[in-house]
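Let's take a walk through a protein model together, one stop at a time. Keep the picture open beside you and look for each spot as we get there.

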Amino acid sequence: MGKSKYKGWLYLLPAIVFLAVFMVYPLVDVLVYSAEEGYSFASQTYTGTGLFNYSYVLHDPYFLQAVKNTFLIVIITVPLSTGFALLISLALTSIPKLKNLFQTIYFLPYVTNTLAVGLVFMILFKPTFYTDGMVNLLIKFFGGQAVDFIEGPYWAKMFVMCFYTIWVVLPFKILILTSALASVDQNLYNAAKIDGTSKSRTFFRITLPMISPMLFYLIITGFIGAFKAYSDEVALFGTNLNVAGMNTIVGYVYDMLYSSGGGYPSYASAAAIMLFVIVLTITCINLMVSRRSVHY
Amino acid sequence: MKVVLEHLTKRYPNRNKKEGGEVVAVGDFTFEIPDGKLVGLLGPSGCGKSTTLNMISGLTEPTEGKIFFGDDDVTKLPPENRGVGLVFQNYALYPHLTVMKNILFPLQNLKGPDKLTKEEMNARALEAARLVQIEALLDRKPSEMSGGQQQRVAIARALVKMPRVLLLDEPLSNLDARLRLQTREEIRRIQRETGITTVFVTHDQEEAMSISDVIVVMKEGYVQQIDEPQNVYDDPVNLFVAKFLGTPAINVFEGHVAAEQLYIGGEPVLRVTGVPDQDVYVGIRPEGFVPDEKGNFGCGVSRVEVMGRDTSIIAENSACISGQIRAIISSVRKIDKNAASVRFSLLPEKVHLFSKETEERIRFRE
């Protein structure tokens, strides 16, 4: 009995060591940094302890802007991308012939480099010396006013940002949802058909509940992913996100550590901890909701 | 409601493009299912029995032929307008709904003049639940029930909208042996009580024999024989039907007819009046062997199995092409277990002759 107990732990050891060194220790360390005032990497010293770092970060207009941006991106992109993915997956499932071709096309963004995609979006949206950009040409064609989407008003930048984010996250969601739809027992649909169930009722009473576990998985990971947005912003607006007014919480953390105005690990840690608390809260709410509405 | 199938045919394009052409899933099926009867479609897998069922339900569109329910041509009607209830092999219950909601589901789809009030729906659902004896389980979900209980729910769901025809696709194949016996009695009882014309698909000949009024034996898309179960067993039209029905299976021998005398392995075993001289297959039912010291048919004994009610003699004969010979005799007769050989006389009504070329039945007078 005693021996087999040790044996079990022995098997777990590699994973535990790995997790402890690279996951648990850094997490705890960040928590410690966030409570140390004026900590410096170079001298390994700090001037005091307390919640000052949190207070500083919460009063930093750049952080507040980053929080606002992040929340906007989350609230706009998660429902929209999940909804679009569901619509596209349903459409894909109902066309048996060209399904594979379209599936490949929809999957392309997933295997394309973020920065390359960012460049393409720049060409689409950014007015330059030579041209107003594709989208502005279209707007003008329909008699509208050209807008600078990259360096112009806030809502225009946010629109491009959300458009881009949705476009990037869509393929993975489509992949998951098409396979979830394909795994629904075809006989359930046959049974519904024989009972004369309308299309909409079949969707809401059979399809949706059957794929609900996958749907909630996508929503939860979607929330987490959107809260951690950063590289997409860099791809579109460059590294100086604070100036562009498009920084995110992760971007703020990064800037606090490494950018030209950086070198403040304590502030960065405090911001990171706050992001952690936000994500944890939202995920818990998500799980609670899903437990009530997912059928298994 | 009688169901009439007229030249019902389903062809699929061949998957193997090189071969091309078409595969016949069901070929020229013509049959009238009498009102209120239980018909068993029987055959090995791939014989087209499920395709036939799906065509009756409307899930599969026939390539040719017509289907009538009573006098209505339903060939072109979508499934929901046919008034059929279908029970699937894997039950296809909605896993996220309780039993009650599963049974209510078809009723909630009714629209227009057929629309029911909540009370009517509940009353109908309860009535269906009572019929299949699951009133106590109405709040359970399918995953919380045994296979047999799920099967009953599936039947209740199919019956609740009062279908004109009830279709059952291998309804017992996911159940264990005991439940299978019990459930097939249940299906028989429910069918009798409701009087709904029922078509039932199975590959299990015992199942089909035990509950059907009429069985249809199919092979590779074509109907072989349609008759009452006992008649199909006693009077098979060809070797396939003879081999497919009956457990233990029929014993098949190479035989020869000369001067109206049937020879197996050189021994004259039976007079077969009216059969021209030829080589034949001889099928002998296990109960067709009678141990008889003066009998004409000799075999080597491999072993004797005593199983209470009756005794099996497992024997060998070089002319047998169905493996070992199995003869079943009443255990009242005492058999010498250590005997090396045994002689039988044959019961003529248990001996069937089949043409060597076509495997069709050759009838003889005793």
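We start inside helix H9 of chain A, whose buried residues are A:Arg205, A:Ile206, A:Thr207, A:Met210, A:Ile211, A:Leu215, A:Leu218, A:Gly222, A:Phe223, A:Ala226 and A:Phe227. Here "buried" means that 20 or more other C-beta atoms lie within 10 Å of a residue's own, while "exposed" means 12 or fewer and "partly exposed" is in between, with the C-beta atoms placed from the backbone. Helices (H or I, at least four residues) and strands (E, at least two) are DSSP runs, numbered from the N terminus.

A quick word on the ground rules: this is a predicted model, where local features need pLDDT of at least 70 and side-chain atom pairs count only at pLDDT 80 or more, while totals for chains, interfaces and linings use all residues. Residues are numbered from 1 along each chain as its sequence is written, and chains are lettered from A and ligands numbered from 1 in the order in which they are written.

Back to H9(A), then. What covers its buried residues? The cover includes helices H3 (61–94), H7 (154–182), H8 (186–194) and H13 (265–293) of chain A. H9(A) runs over residues 199–227, and its 29 residues would reach 42 Å in a straight helix at 1.5 Å a residue, yet its end C-alpha atoms are only 36 Å apart. (The expected span is 1.5 Å times one less than the number of residues.) Now look at A:Ser212, shortly before the proline A:Pro213: there you'll find a kink of about 60 degrees. That bend is the angle between axes fitted to the seven residues ending there and the seven starting there.

For a close-up in chain A, pick A:Ile73, which sits in helix H3. Is A:Ile73 buried or exposed? A:Ile73 has 23 other C-beta atoms within 10 Å, so it counts as buried. Leaving out residues up to four places away in sequence, A:Ile73 touches A:Met161, A:Cys162, A:Thr165, A:Ala226 and A:Ala229. Being in contact means that two residues have C-beta atoms, placed from the backbone, within 7 Å. You can also spot A:Tyr230, 157 residues from A:Ile73 along the chain, with 11 Å between their C-alpha atoms.

Next, find where the two chains meet. Here, 13 residues of chain A are in contact with 16 residues of chain B. On the chain A side, H8 and H9 are the elements that give two or more residues, and the largest share, six residues, comes from H8(A). That side divides into five nonpolar, five polar and three charged residues. In this count Ala, Val, Leu, Ile, Met, Phe, Trp, Tyr, Cys and Pro are nonpolar, Asp, Glu, Lys and Arg are charged, and the others, Gly among them, are polar.

Cross over into chain B and you'll meet eight helices and 21 strands. Its C-alpha trace spans about 75 × 50 × 40 Å along its principal axes, and 40% of its 366 residues are buried. An automatic or database domain assignment gives domain 1 (3–243) and domain 2 (249–362). Their C-alpha centres lie 38 Å apart. Seven residues of domain 1 of chain B are in contact with 10 of domain 2, and the domain 1 side has five nonpolar residues, one polar and one charged.

Now trace an open, antiparallel sheet of four strands in chain B, in the order S2-S1-S4-S5. Strands S2 (22–33) and S5 (72–73) stand at the edges with a single partner strand each, so one side of each has no neighbour in the sheet. S1(B), residues 3–13, pairs with S2(B) over eight bridges; two strands pair if DSSP finds at least two bridges between them.

Last come some backbone oddities. Most residues other than glycine have a negative phi, and most peptide bonds are trans. B:Gln133 has a positive phi of about 60 degrees, and its place is the loop between helix H3 (118–131) and helix H4 (147–159) of chain B. In B:Ala259, phi is near 50 degrees; this residue is exposed, with 9 other C-beta atoms within 10 Å. Finally, the peptide bond from B:Thr247 to B:Pro248 is cis, with omega near -5 degrees, and B:Pro248 lies in the loop between helix H8 (239–244) and strand S11 (251–258) of chain B.
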